[in-house]
Amino acid sequence: MPMPMGQESSLPLSFENSVSNTSTPGKAPRIMDIQGRVIIYSIVGCPFCKSAKARLEELQLPYHEICLDAFPQLREEMQERAGKTSVPQLFFNNKHLGGWDEFKKAEQDGTFQGFVDEVLNNPAMDDGPSLPTPGSGTTEGEDPFAFDVDEYYKLVIDIRKSGLIMDHRYHLRNYKTTFVGSELVDWLIASKNLGRAEAIQKGQELVSRKFIHHVTDDHEFKDGYFFYRLVEDEESEALNTKYPSELESIPAAQLGERMRRIILNLYGEFLSPDGRGVDYIGMAKSEQFKEYAKLAAELQRTNVSNLTREETLAFFINIYNALVVHANVERGPPRSTWQRYKFFNKVSYNISGQLYSLQDIENGVLRGNRKGVGQVRVPFAHKDPRLPIALNRCEPKIHFALVCGAKSCPPIKTYTAGDIDKELAFAAAAFLDAEAVLIENNTVSLSMILKWYAVDFGANKHELLAFICEHLPPKSEKREKLAVLLKTRSYNVEYQTYDWSLNSK
């Protein structure tokens, strides 16, 4: 689908770009007339993909973009042809140029002209990368997610108008914005024409659907002098309690997938041209972010107790990354050590009636309830209701998927339950094959992420390096070098300075 250069679909599929008017004013731009085909494999949120596309546009080179978020079935073909899992990967007909670093190097040493000549003079043949089949993208067609307002939310609105909600005192304690169970039953009988048993059942259903709860969560709904409160009236610092939860309870996997799509669209729109910065101010003003914030409210009543391992991984990775974005928009990015501490420990979502901070999600759920950096105890105590949600075993590759908002974090990606292990493997290979692992002679320089969470990768440095070697792309030159160092045990490990500067514009 042809699209003007300088514009992208919210989730880029495959299209042939033309260019904006970058020539002298009053003259039409000169777009290269090529016989062949330039293909760039990309993902949403990849800074180097943005840079490569921007440079192609400056050079007036039309190209086809294959976004692997939309066409995951083409990842293996890209890896087989390129010998790499990282993006971007550029092909000029069947000639593989490489990624952004190889692109810059080819321009500097003059070899890039040979790639240009290939597509100027030769049509694309069948031995080159294949374009996606129309209709095969994961986001094509109508949005499969359509949610209805919960009938009990309409009852919540009526309860709010009933006059039942007020402050109550009991044993010298004040319970704000509450109502009495027996008074709700009486009101339901009078206003809804119900029998007493039916009215009690309505109250129990309101608790079951997480619209109301007992003020101390001691029991389910009872017809007596017990205090209840609307969940939306709870005082909370959770970022997703600004709006009420009003839809029918959405399965967590579906809700996470829907939120994932909105975040993809937001990043597609508000990433800077070089992909390294996010316009959080512009994002905050967008209608799409408001849609996201309203949907995030539905996390309060979704059920995460029955998720599979794969669903837990995909859901909580996506929610972690989304929460970082939400916090940066609502409260601004952290700019000091103390602000970062509060950011990771205080910023939270209400999920299924429980608060989850970024630390809780990363170290409690995804790392199998392990102590985080600087923590003296595990996130979830023995009787913590969130403990059963935690993975039984730590999944170390989550560290290549979680995005904290700093420039040294992995580039922004999103994940699906159906392909989570494959997606995490690609994320690991891409992260490790880039600047997170550098080898010069016998010195291996590693990202601080690999030091902070070393226990997740092995018992010592040798096991850590073995993990890295195993997860590098099979044909990677870096993998071959590391394999030699591991075999001879002749290496020195050092760690890179972490770049905490922000990815905001």
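Two strands are counted as paired if DSSP finds at least two bridges between them. The legends below apply this criterion to close-up views of a predicted model.

**Figure 1. The open sheet formed by strands S11, S12 and S13.** Three strands make up this sheet, in the order S11-S12-S13, and their pairing is mixed. Strand S11 (437–440) and strand S13 (492–495) occupy the edges; each has a single partner strand, so one side of each is left without a neighbour in the sheet. From one strand to the next, the twist averages 20 degrees. Strand S12 (residues 443–446) and S13 run parallel and are joined by four bridges. Within this pairing, Leu-446 stands opposite Tyr-495 in S13. Helix H17 (residues 477–488) lies across S11 and S12, and its direction makes an angle of about 65 degrees with S11.

**Figure 2. The open sheet formed by strands S5, S6, S8 and S7.** The four strands are arranged in the order S5-S6-S8-S7, with antiparallel pairing. At the edges stand strand S5 (166–170) and strand S7 (212–214); because each has a single partner strand, one side of each is left without a neighbour in the sheet. Neighbouring strands of this sheet are turned against each other by 55 degrees on average, direction ignored. Three bridges link S7 and S8 in the antiparallel sense. One residue pair can be located directly: His-213 has Arg-229, in S8, as its bridge partner.

**Figure 3. Thr-177 in strand S6.** Strand S6 spans residues 173–180 and contains Thr-177. The phi angle of Thr-177 is near 45 degrees, a positive value in a residue other than glycine. Is Thr-177 buried, partly exposed or exposed? Its relative accessibility is 31%, so Thr-177 counts as partly exposed; that class lies between the limits of 20% for buried and 50% for exposed residues.

**Figure 4. Helix H5 and its surroundings.** Helix H5 comprises residues 151–161, and Tyr-152, Tyr-153, Leu-155, Val-156 and Ile-159 are buried in it. Seen down the axis of H5, the buried residues fall within an arc of 150 degrees, so they line one face of the helix. An α-helix has 3.6 residues a turn, so residues three or four places apart point the same way. Glu-151, Lys-154 and Lys-161 are exposed on the other side of H5. The cover over the buried residues of H5 includes helix H6 (181–192), helix H7 (196–208) and strand S8 (227–230). Strand S8 also belongs to the sheet with the order S5-S6-S8-S7.

**Figure 5. The hairpin of strands S9 and S10.** Strand S9 (residues 348–351) pairs with strand S10 (residues 354–357) in the antiparallel sense, over four bridges. Asn-350 stands opposite Leu-355 in S10. Two residues lie between the strands of the hairpin, and Ser-352 in the turn has a positive phi of about 55 degrees.

**Figure 6. Backbone features in two loops, at Pro-88 and Asn-369.** Pro-88 belongs to the loop between helix H2 (75–82) and strand S3 (89–92). The peptide bond from Val-87 to Pro-88 is cis, and its omega is near 5 degrees. Asn-369 is placed in the loop between helix H13 (358–366) and helix H14 (420–432). Although Asn-369 is not a glycine, its phi is positive, at about 65 degrees. With a relative accessible area of 15%, Asn-369 is buried, because the class takes in values under 20%.

**Figure 7. The protein chain as context for the close-up views.** The protein chain contains 17 helices and 13 strands. Of its 505 residues, 52% are buried. Among the contacts with a separation of 6 or more, 70% are made by residues 24 or more positions apart. The accessible surface of the chain is about 24000 Å², and carbon and sulfur atoms contribute 49% of this area. The average pLDDT of the chain is 86, and 88% of the residues score at least 70. Over residues 1–29, the pLDDT is below 50; this stretch has 71 contacts in the model beyond near neighbours in sequence.

Terms used: Residues numbered from 1 in each chain as written. Predicted model: local features only at pLDDT ≥ 70, side-chain atom pairs only at ≥ 80, totals over all residues. Heavy atoms only, no water. Buried < 20%, exposed > 50% of the residue type's maximum accessible area, 1.4 Å probe, protein only. Contact = heavy atoms within 4.5 Å. Areas by Shrake-Rupley, 256 points an atom, 1.4 Å probe, with all protein chains shown as cover. pLDDT = per-residue confidence, 0-100. Axes fitted to C-alpha atoms, helices over the stretch in contact; angles between N-to-C directions. Arc of directions from axis to C-beta.
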